[in-house]
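Colleague: I am new to this protein and should like to learn how its features are read. May we begin with a strand pairing?

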Amino acid sequence: MNVLVIGSGGREHAILKALKKSPRVENLYCMKGNAGTAEIATNVDVDFMNAEAVKKYVLKHPEIDYFVVTPDDPLAEGLVDELESMGKRCFGPNRAAAKIESSKSFAKELMRKYGIPTARSESFTDYGKALEYVRKQGAPIVLKADGLALGKGVLICDTMAQAEECLKEIMLDKTFGNAGDCVVVEELMKGLKYIPGEEVSLLCFTDGKTVKPMISACDHKRAADGDKGLNTGGMGTFAPCPFFTPEDEEEVMRTIVRPTVDAMRAEGTPFKGCLYFGLMRTDRGYKVVEYNSRFGDPETQVILPMLKTDLLDIFEAVTDERLSDIDIEWDDGACVCVVLASGGYPIHYERGDEIYVGKISGADIVHAGTARKGGKLVTNGGRVLNVVAKGKNIDEARLLAYSAASQIEWKGMQYRSDIGLKYREG
């Protein structure tokens, strides 16, 4: 089969690497891709946010059998709907189902209606009413831009002054554009003392009826060591989470995962694809922090290397609504991903800096924001490279990942030095 993956980041490179292992895959394509995807797939220089341009390309290339749509924006804009209307087979939710991520107020209302545990919240389109509510609730408090904001639309405010300023930035200054037309004001959930925050990412394959979890992963959202600094798209991950026990997974599947899939089907918007559950463990059990309608980034980079089952087989089972027929198997051990980012990320950063890569051993390099310029590998984004390593345990995997990271450099390169350490704390 010929498969086209839509997207340009580390997640897409990781998916392509997993698909390349399938004996059923003949040719891989990536729209638009990056310097890394170009090494294993044919990069397609088409703007995937331009549905007409995508459709035009698809019509010219009938040899492509299957499409994998992974970024949040084209999912929210209904690219899967467009492709399916052309008779194409796809992996990914349609526009109606993708709303579980593209509208946080929709997701909160869904959870409220079906009794799915989450933080207490209210949604506002009026700045004055939102400000009045924030002042009544007090700090600390969480503000969320309702729409998509590149993973940066969630602001944790420790003081009232900070909360008022952030609310102004979202709703009046439009820091996140139209995503801030509506804001969700949410209580700050307190994690257990065992691990600060104790957040878990649980990604699941679902065909709208059957749902099968992947191995758990832990993301590091803050830019700096010790979970300090600004929120980012993710600075590193490890999998599986040692503190997410089989008993925890059973609880989450019973109280959150299956009820969510059932709720989406009951609403007439069955979800088919990868449904991401951002979870926090509290003194009242696990609660939903957020949903994503696609593979997480950089969670995908540590989950898919552990997958033993043919990924294309799983994708097609989801498309054909026969996921119940597939047994999904995972490797033992652990996997760690360290994100190498441009200086100044996540605010302002330069592009075009040459990347120097030394001898890499015991790790894999997944490209995110990279390009080729004059034959040289250069930076082309905030998160540039992902260094991924597997080991018998997290300690071994992180040692291999950091050893490889030390062989890479460019002007201003930054990365966290504590990925995978917090699981030890407590």
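Modeller: Let us start with one residue: D364 lies opposite V388 of β23. The model is a predicted one, in which local features need pLDDT of at least 70, side-chain atom pairs count only at pLDDT 80 or more, and totals for chains, interfaces and linings use all residues. Residues are numbered from 1 along each chain as its sequence is written, and side-chain values use heavy atoms, with hydrogens and water left out.

Colleague: In which sense do β20 and strand β23 pair, and over how many bridges?

Modeller: Strands of a sheet pair through backbone hydrogen bonds, either parallel or antiparallel. Here β20 and β23 (residues 383-391) are antiparallel, with four bridges; two strands pair if DSSP finds at least two bridges between them. Strands (E, at least two residues) and helices (H or I, at least four) are DSSP runs, numbered from the N terminus.

Colleague: Which strands stand at the edges of the sheet?

Modeller: Five strands form this open, antiparallel sheet, in the order β12-β15-β18-β23-β20. The edges are β12 (218-219) and β20 (364-367), each with a single partner strand, so one side of each lacks a neighbour in the sheet.

Colleague: Which residues of helix α5 are buried?

Modeller: Buried means under 20% relative accessible area, exposed over 50%, and partly exposed in between (1.4 Å probe, protein chains only). In α5 (residues 95-102), the buried residues are A97, A98, I100 and E101. Seen down the axis, they fall within an arc of 120 degrees, taken from the directions from the helix axis to the C-beta atoms, so they line one face of α5.
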